[in-house]
Amino acid sequence: MTTTIFLLLLLKHTFCDLLLQSLRAPADKSKITSWALHRHCLDHGVFAFIVCLFFVDYKLAFMLGLFDYATHTLIDYTKHRVMKHYDIAKNGKIFWSLQTLDQASHYTVYFIMVSIIGMNI
C-alpha cells in the first residue's frame with residue numbers, strides 16, 4: 001500500500017508543479033512573503049491532504065498536508081533565493097543541477113511522509 005501512496009504523491013507533485021503552475025503567470029518566489037510562493041505550496045499541501053485522507057485519519061492527513069506545504073515552501077524559497085543571489089539563469093547547467101536537487105528534496109519529503117503513514121496503518 002505504501003508504494004501506491006508514494007506513487008499518488010508523485011502524481012500529485014507532477015500535477016501541482018507542472019499543470020497548475022503552467023496556468024499561472026511566472027512569479028518571484030524568492031521572497032518568503034510572496035503570495036505566489038504560498039499559493040503554489042498551498043496547492044501541494046491541499047492535494048497531499050486529499051491523497052492522505054484515503055489512507056489515514058483526517059488529523060494525520062492534515063498534519064501531512066501541512067508538512068508538505070511547509071517543506072515545499074522552504075525548498076522552493078531556498079532554490080529561488082540561491083538563483084537570485086548567484087544570478088543563475090534558467091537555461092544553464094547550474095540551474096539544472098539546482099533543479100535536480102530541488103526535485104530530489106521533494107521526493108525525499110514524500111518518502112518521509114509515506115514512512116510516517118506506514119507506521120500508522
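Is Lys 79 buried or exposed? I looked this up before anything else, and Lys 79 counts as buried, at 12% relative accessibility. A reminder to myself: this is a predicted model.

**Lys 79 and its partner**

I went looking for what the Lys 79 side chain meets. Lys 79 forms a salt bridge with Asp 102, and the closest N and O atoms are 4.0 Å apart. The pair links distant parts of the chain, with Lys 79 in helix H3 (residues 58-85) and Asp 102 in helix H4 (residues 93-120), 23 residues apart. I checked the partner too: Asp 102 is buried, its relative accessible area being 3%. The cut-off for buried is under 20%, so both Lys 79 at 12% and Asp 102 at 3% fall in that class.

**Salt bridges elsewhere**

How many salt bridges does a search of the whole structure find? I got five.

One of the five joins the side chains of Asp 43 and Arg 24, at 2.6 Å from N to O. Asp 43 sits in helix H2 while Arg 24 is in the loop between H1 and H2, so this pair ties together parts that are 19 residues apart in sequence. I noted the burial of each end: Asp 43 is buried, with a relative accessible area of 12%, whereas Arg 24 is partly exposed at 27%.

Next I looked at Lys 31 and Asp 28, whose side chains meet in a salt bridge of 3.6 Å, N to O. Here I have Lys 31 as partly exposed, at 47% relative accessible area, and Asp 28 as partly exposed, at 35%. I also found that Asp 28 and Lys 31 belong to a network of salt bridges with Lys 84.

**Ser 34**

Asp 28 turned up again when I moved to Ser 34. I placed Ser 34 in the loop between helix H1 (2-22) and helix H2 (35-53). Buried or exposed, then, for Ser 34? Ser 34 counts as buried, at 11% relative accessibility. Setting aside neighbours within four places in sequence, I find Ser 34 in contact with Asp 28 and Lys 29.

**Asp 68**

I went back to helix H3, where Asp 68 lies. Its relative accessibility is 1%, so I put Asp 68 down as buried. Which residues is Asp 68 in contact with, leaving aside its neighbours within four places in sequence? My list reads Lys 12, His 44, Gly 45, Ala 48, Val 109, Tyr 110 and Met 113.

**Helix H4**

Val 109, Tyr 110 and Met 113 sent me on to H4, where they are among the buried residues. Others I noted as buried in H4 include Phe 95, Leu 98, Gln 99, Asp 102, Gln 103 and His 106. Val 114 and Ile 117 are also among them. What do the buried residues of H4 pack against? They pack against H1, H2 and H3.

I ran a length check as well. H4 has 28 residues, and at 1.5 Å a residue it should span 40 Å; I get 41 Å between its end C-alpha atoms, which agrees.

My last stop was Met 119, also found in helix H4. Met 119 counts as exposed, at 66% relative accessibility; the cut-off for exposed is over 50%. I took one C-alpha distance from here: Met 119 and Leu 10 are separated by 20 Å, and they are 109 residues apart along the chain.

Terms used: Residues numbered from 1 in each chain as written. Predicted model: local features only at pLDDT ≥ 70, side-chain atom pairs only at ≥ 80, totals over all residues. Heavy atoms only, no water. Helix = DSSP H or I, 4+ residues; strand = E, 2+ residues; numbered from the N terminus. Buried < 20%, exposed > 50% of the residue type's maximum accessible area, 1.4 Å probe, protein only. Contact = heavy atoms within 4.5 Å. Expected span 1.5 Å × (residues − 1).
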